[in-house]
Amino acid sequence: MIERKDVEHVARLTRLALSDAELERMREQLNSILAHLDTLRAVPTEGVEPTSHAVDLVNVMRDDEVTACLPQDAALANAPDPSGEFFRVPRIIEE
Amino acid sequence: MYRPIHELTDAYRRGDLTPTTVAEDYLARIGKLDGKVGAYLTVVRDQALAAARESELRWRAGSPRGPLDGAPIAVKDVLCTAGVRTTCGSKMLERFVPPFDATTVERLRAAGAVILGKTNLDEFAMGSSTEHSAYHPTRNPWDLTRVPGGSSGGSAAAVAGGLAAGAYGSDTGGSIRQPAAFCGVVGMKPTYGRVSRYGLVALASSLDQIGPFAQDVTDAALLLGAVAGHDPHDATSIEAPVPDYAAELTKGVAGLTLGLPDEYFPDGMDPEVERAVRQGIEVLKGLGAKIERVSLPTTPHALAAYYVILPAEASSNLARYDGVKYGLRVAGRDLIDMESRTRSAGFGAEVKRRIMLGTYVLSAGYYDAYYGKAQSVRTLVRREFAAAFAKVDLIVAPTTPNVPFKHGEKQDPLSMYLNDVFTIPGNLSGIPGLSVPCGFSAAGLPIGLQLLGRPLDEARVLRAAYAYEQATSWRSRRPELS
């Protein structure tokens with residue numbers, strides 16, 4: 001069972017500001033979903049390699065050549081707060 | 001309306017119809033009926049008419065670009081379209097206008113297709129009912145009080161309702177096949193890597209795959225062929241030649257062995273679905289297919305493994321929505337506050353739930369118990385399919401355990417997740433799967449039969465579906481919308 005403080009911790013990690021009511025509902029729903037996920041414990045998987053991907057790929061390499069890329073103005077066109085040639089964010093570094 | 005693409009292009013060739021009049025008819029029908037269905041989020045009227053006029057010139061000159069030239073097509077709003085907003089059904093991307101086309105969209109334009117617009121979906125493709133779009137729900141054309149399935153419900157409803165001749169969606173756990181079954185159309189998830197994911201907004205990168213919705217199997221073959229194949233922009237796309245799927249359709253099922261997995265007919269499934277699917281299997285047997293029982297014992301655990309792996313990948317993919325480079329921004333007192341306010345305002349409840357779940361299963365102390373375990377279960381699912389496909393050519397099963405449900409009927413997240421219990425194993429193992437209409441419930445709701453094949457064996461999946469379709473007449477039944 002996960003508790004309220006676990007939900008608050010995960011919410012902080014994911015950068016979600018949840019209201020009291022949302023936190024409580026999330027706790028209930030996550031517990032109900034996790035109870036189902038816990039049924040995986042019944043599956044014997046000793047020595048079974050994990051699969052992270054459906055295609056068995058090794059590294060995909062290409063020549064290190066400069067090719068066309070997105071122009072700067074197009075890359076900035078959707079930015080909520082562009083500044084010149086930059087993406088602007090709230091101050092991070094203290095003065 | 002209700003003419004498959006291959007019949008439209010036959011009519012273009014004969015000069016009986018033109019791409020412009022067909023595009024105008026579709027746009028008029030969307031204008032008249034989509035208020036009821038809600039299949040579209042954005043309709044690109046002027047672009048569609050311009051593309052149709054160009055197509056018309058090519059047909060008139062006797063030099064069409066191929067079997068999709070002039071075909072009116074809808075695209076799920078999770079595929080990037082240059083200059084046309086791409087919302088993913090989310091407030092987070094309400095004003096996002098991609099600077100490039102997804103490879104699928106680029107290939108469609110190159111094939112001369114007429115893109116009508118962008119279709120509705122559950123937010124960020126998380127859902128099985130298309131009720132959870134941040135804009136509006138989509139309704140099932142067969143019964144407007146019921147859901148079209150999801151997450152590609154807009155694309156499925158558009159094809160079923162005669163609001164597009166064909167469409168594309170994405171399938172991460174069943175998001176093409178389940179709505180295809182619910183809407184009585186053909187829907188296919190190709191092998192993972194068969195279609196480039198470049199420009200497909202990522203949900204779970206190891207599971208996502210793009211595929212077509214079609215009025216019949218012939219169209220599905222044409223729609224898949226037009227977009228399949230390696231793409232240097234997607235390192236996970238497979239470098240293998242693309243067969244002429246349409247040319248293979250008529251080879252029949254005589255001599256093929258179809259596997260029937262016991263685990264896909266569990267207690268408690270809708271008896272009407274079971275009856276229709278079993279009758280469909282009898283039809284295939286009558287056409288000369290051999291039926292053999294196979295066992296896929298890990299099937300009941302695939303859902304749980306999926307609901308670890310999918311949220312884990314999604315929580316990571318959706319970390320990019322931080323209010324900096326694109327999408328919504330809500331001002332805050334510092335960077336973290338701005339990010340938290342942005343994400344809380346931009347994401348809906350199901351997206352938040354899956355981000356939370358994914359972050360939890362990846363967090364310190366739980367990684368091995370959940371994520372590692374689920375990945376090992378994924379291996380078992382793959383191995384069982386591989387063992388089955390050593391004995392049989394295809395697997396035949398229901399697409400969904402139930403018929404379309406009512407809007408608002410499934411409130412509990414877990415009961416919604418159970419809709420995808422028969423489609424998820426195909427994503428975990430990466431194999432191709434297709435849903436073809438196989439009947440109706442007593443209430444007139446569509447039922448789908450699922451065919452699963454070996455990796456890259458789309459041609460055989462389509463060929464069996466075609467044989468079944470030609471032997472039955474389900475596709476002649478259409479919903480009445482007015």
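Reader: Which residues of S11(B) are buried on one side, and which on the other?
Author: Keep in mind that this is a predicted model. Strand S11 of chain B spans residues 446-453, and 8 of its 8 residues are buried. Both faces are covered, with Pro446(B), Gly448(B), Gln450(B) and Leu452(B) on one side, and on the other Ile447(B), Leu449(B), Leu451(B) and Gly453(B).

Reader: OK, and which residue stands opposite Leu451(B) of S11(B)?
Author: Look to S9(B), which is joined to S11(B) by 5 bridges. Those two strands run antiparallel. The residue facing Leu451(B) is Val396(B).

Reader: Which residue is the bridge partner of Pro437(B) in S11(B)?
Author: Strand S10 of chain B, residues 433-440, also runs antiparallel to S11(B), and 7 bridges join them. On the S11(B) side, Pro437(B) is paired with Gly448(B).

Reader: In the hairpin of S10(B) and S11(B), which residue takes a positive phi?
Author: The hairpin has 5 residues between its strands. With a phi near 85°, the one to look at is Gly444(B).

Reader: Zooming out, why do S1 and S8 of chain B each have one side without a neighbour in the sheet?
Author: The sheet is open, has 11 strands with mixed pairing, and follows the order S1-S3-S2-S4-S6-S5-S10-S11-S9-S7-S8 in chain B. Strand S1 (40-43) and strand S8 (290-294) stand at its edges, so the reason is that each has a single partner strand.

Reader: What does the twist average from one strand to the next?
Author: Take the open sheet of 11 strands in chain B, with its mixed pairing. Going from one strand to the next, the average twist is 30°.

Reader: Which residue in S8(B) stands opposite Leu260(B)?
Author: Strand S7 of chain B covers residues 257-261 and runs parallel to S8(B), with 5 bridges between them. Across from Leu260(B) you'll find Arg293(B).

Reader: Which helix lies across S7, S8 and S9 of chain B?
Author: Check residues 367-391 of chain B, which run at about 150° to S8(B). The helix lying across S7, S8 and strand S9 (394-398) is H13.

Reader: How do H2(A) and H10(B) sit relative to each other?
Author: H10(B) is residues 299-317, and the axes of the two helices are 9 Å apart. They pack at an angle of about 125°. That is neither over 145 nor within 65 to 115 degrees, so H2(A) and H10(B) are oblique.

Reader: How many nonpolar residues does the contact of H2(A) with H10(B) have?
Author: From H2(A) come Ile33(A), His36(A) and Leu37(A), and they meet Ala304(B), Tyr307(B) and Val308(B) in H10(B). By class there are no charged residues and 1 polar one, and the nonpolar count is 5.

Reader: Any backbone oddities? Where is the cis peptide bond that leads to Ser151(B)?
Author: Most peptide bonds are trans. Ser151(B) lies in the loop between strand S3 (114-119) and helix H5 (153-160) of chain B. The cis bond, with omega near 10°, starts at Gly150(B).

Reader: Is Ala125(B) buried or exposed?
Author: Ala125(B) is in the loop between S3 and H5 of chain B, and its phi is positive, near 65°. The cut-off for burial is 20 or more C-beta atoms within 10 Å. Ala125(B) has 29 such neighbours, so it counts as buried.

Reader: And what is the phi of Arg15(A)?
Author: Arg15(A) sits in the loop between helix H1 (4-13) and helix H2 (20-37) of chain A. It counts as buried because it has 22 C-beta neighbours inside 10 Å. Although Arg15(A) is not a glycine, its phi is positive, at about 60°.

Technical notes. Residues numbered from 1 in each chain as written. Chains lettered and ligands numbered in written order. Predicted model: local features only at pLDDT ≥ 70, side-chain atom pairs only at ≥ 80, totals over all residues. Pairing = 2+ DSSP bridges. Helix = DSSP H or I, 4+ residues; strand = E, 2+ residues; numbered from the N terminus. Axes fitted to C-alpha atoms, helices over the stretch in contact; angles between N-to-C directions. Contact = placed C-beta atoms within 7 Å. Buried ≥ 20, exposed ≤ 12 C-beta atoms within 10 Å, placed from the backbone. Parallel < 35°, antiparallel > 145°, perpendicular 65-115°, else oblique. Nonpolar A, V, L, I, M, F, W, Y, C, P; charged D, E, K, R; others polar.
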